[in-house]
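Please look over the sequence and the model below before reading on, and keep both at hand while you follow the report.

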Amino acid sequence: MDDTEFNDARHPLASPGYGKRSAPRQEPRGPQDFAHLPAREAAVAAYIDRLPDGSDISVKTLAKRLPYGQCALRTALNRIQRAGHLRRGRECLGGKWVTRTWFSRTPRDSGWWAAFQQGDVPRESAGPRRSRAYVLLAALGRTNSALSLSHVECRALVPLVEAWFERDADEKGVLHALTTGLPPTVHHPAGLVRRRLTDKLPPPPVSRTPAPPRILECGTCGAPGYADALHGGDCGPCRGERPAPRPAPRALSAAQVHARAAAIRGRMDGARV
């Protein structure tokens, strides 16, 4: 079934402080966001993506809203997790640990989630997908035809737009800076955009709220662990890995045992003095 047939208008919210949480710095929504997933998983992921933060995305609640049973949804969520779109865990807020389910429209690898767990938000590596900055620049011509840019010009200007995003600017703020008060005739759109992006670059944020402590958990057994050890969101034992055998302790001779016991007695006698 196509995900557009799902009705998310009255999806229930979780208890305050719980439910879905959107991961930061996601790519803009597009028709191919979940094309790499099987049809059922793509439909479930697209449904969750549209839900606001705080929505209850437990298996039981999703089963009441979607045409799948709890077992099928549990399998779908695990596959969505292994594809890099979802992680489960806990976060400490105000001294209280609350359950979290982080969702990312943009698939992230285990390295990204490990950095996120430590409070860092890594920049996306270059890939076949168009970045936020490129999409904004390519759409400038539709906002104002005088600012139409070529593919080569967009790629050259992307780092300047990304510098704005790194200073907490959003698309609306960048567009306002680029399109407000234009001269009657724009002879060189790329030059004007470059100049404005450079001259109007906002200052760095004065302060950033530190990220709360986070613990990510295995999506299968719920055991806590570092994200770089939770490949695909699952711990080693749940992925079928066996721990490396530990070497057997080296046996001590009777003389070594007596010598160690004498040394311990000597330290104890010294402590009594």
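The report that follows takes up the sheet, one helix, the nonpolar cores and the salt bridges in turn.

## The sheet

The model is a predicted one, and its strands are a convenient place to begin. Five strands make up an open sheet, in the order β1-β3-β2-β4-β5, and the pairing within this sheet is mixed. The edge strands are β1 and β5, each of which pairs on one side only.

Following the order of the sheet, strand β1 (residues 20-22) is joined to strand β3 (residues 96-103) by three bridges, and these two strands run parallel. One of the residues to look for here is Ser22, whose bridge partner in β3 is Phe103. Strand β2 (residues 86-93), by contrast, runs antiparallel to β3, and eight bridges join the two; in this pair, Arg90 stands opposite Thr99 of β3. Strands β2 and β3 form a hairpin with two residues between them, and in the turn Gly94 has a positive phi of about 60 degrees. Towards the other edge, two bridges join strand β4 (residues 214-217) to β5, and this pair runs antiparallel, with Glu217 standing opposite Pro224 in β5.

## Helix α7

Helix α7 covers residues 151-166, which makes 16 residues, and the distance from its first C-alpha to its last is 23 Å, close to the 22 Å expected at 1.5 Å a residue. The helix nevertheless bends by about 40 degrees at Val158, and a proline, Pro159, follows within four residues. Just after α7, Asp168 takes a positive phi of about 70 degrees.

Which residues of α7 are buried? They are Cys154, Leu157, Val158, Val161, Trp164 and Phe165. When you compare their numbers, it helps to recall that an α-helix has 3.6 residues a turn, so residues three or four places apart point the same way. The elements that cover the buried residues of α7 include α5 (132-138), α8 (171-179) and α9 (189-199).

## The nonpolar cores

The largest nonpolar core has 22 residues, and among these Leu137, Val174 and Val193 touch the most other members. Elements that give two or more residues to this core are α5, α7, α8 and α9, and the largest share, six residues, comes from α7.

Val174 lets you trace some of these contacts in the model. Leaving aside its neighbours within four places in sequence, Val174 is in contact with Leu136, Val161, Trp164, Phe165, Ala169 and Leu197. Apart from this core lies another, of 21 residues, which includes Ala43, Ala45, Leu77 and Leu86.

## Salt bridges

Side chains of opposite charge can pair when their charged atoms come close. In this model the count comes to seven salt bridges, and three of the residues involved, Arg29, Asp49 and Arg105, are linked in a network.

Asp49 forms a salt bridge with Arg29, in which the closest N and O atoms are 3.0 Å apart. This pair links distant parts of the chain, since Asp49 is in helix α1 (residues 39-50) while Arg29 is in the loop between β1 and α1, 20 residues apart. Is Asp49 buried or exposed? Its relative accessibility is 7%, so Asp49 counts as buried, whereas Arg29, at 51% relative accessibility, counts as exposed. Asp49 also forms a salt bridge with Arg105, and here too the closest N and O atoms are 3.0 Å apart. Because Arg105 lies in the loop between β3 and α4 (110-117) and Asp49 lies in helix α1, the pair ties together parts that are 56 residues apart in sequence. Arg105 has a relative accessibility of 11% and therefore counts as buried.

A further salt bridge brings together the side chains of Asp234 and Arg82, at 3.8 Å from N to O. This pair, too, links distant parts of the chain: Asp234 is in the loop between β5 (224-225) and α10 (254-272), Arg82 is in helix α3 (residues 70-82), and the two are 152 residues apart. With a relative accessible area of 5%, Asp234 is buried, while Arg82, at 46% relative accessibility, counts as partly exposed.

Key:
Residues numbered from 1 in each chain as written. Predicted model: local features only at pLDDT ≥ 70, side-chain atom pairs only at ≥ 80, totals over all residues. Heavy atoms only, no water. Expected span 1.5 Å × (residues − 1). Bend = angle between axes of the 7 residues up to and from the residue. Buried < 20%, exposed > 50% of the residue type's maximum accessible area, 1.4 Å probe, protein only. Contact = heavy atoms within 4.5 Å. Pairing = 2+ DSSP bridges. Salt bridge = Lys/Arg side-chain N within 4 Å of Asp/Glu carboxyl O. Core = buried A, V, L, I, M, F, W, Y, C linked by side-chain atoms within 4.5 Å.
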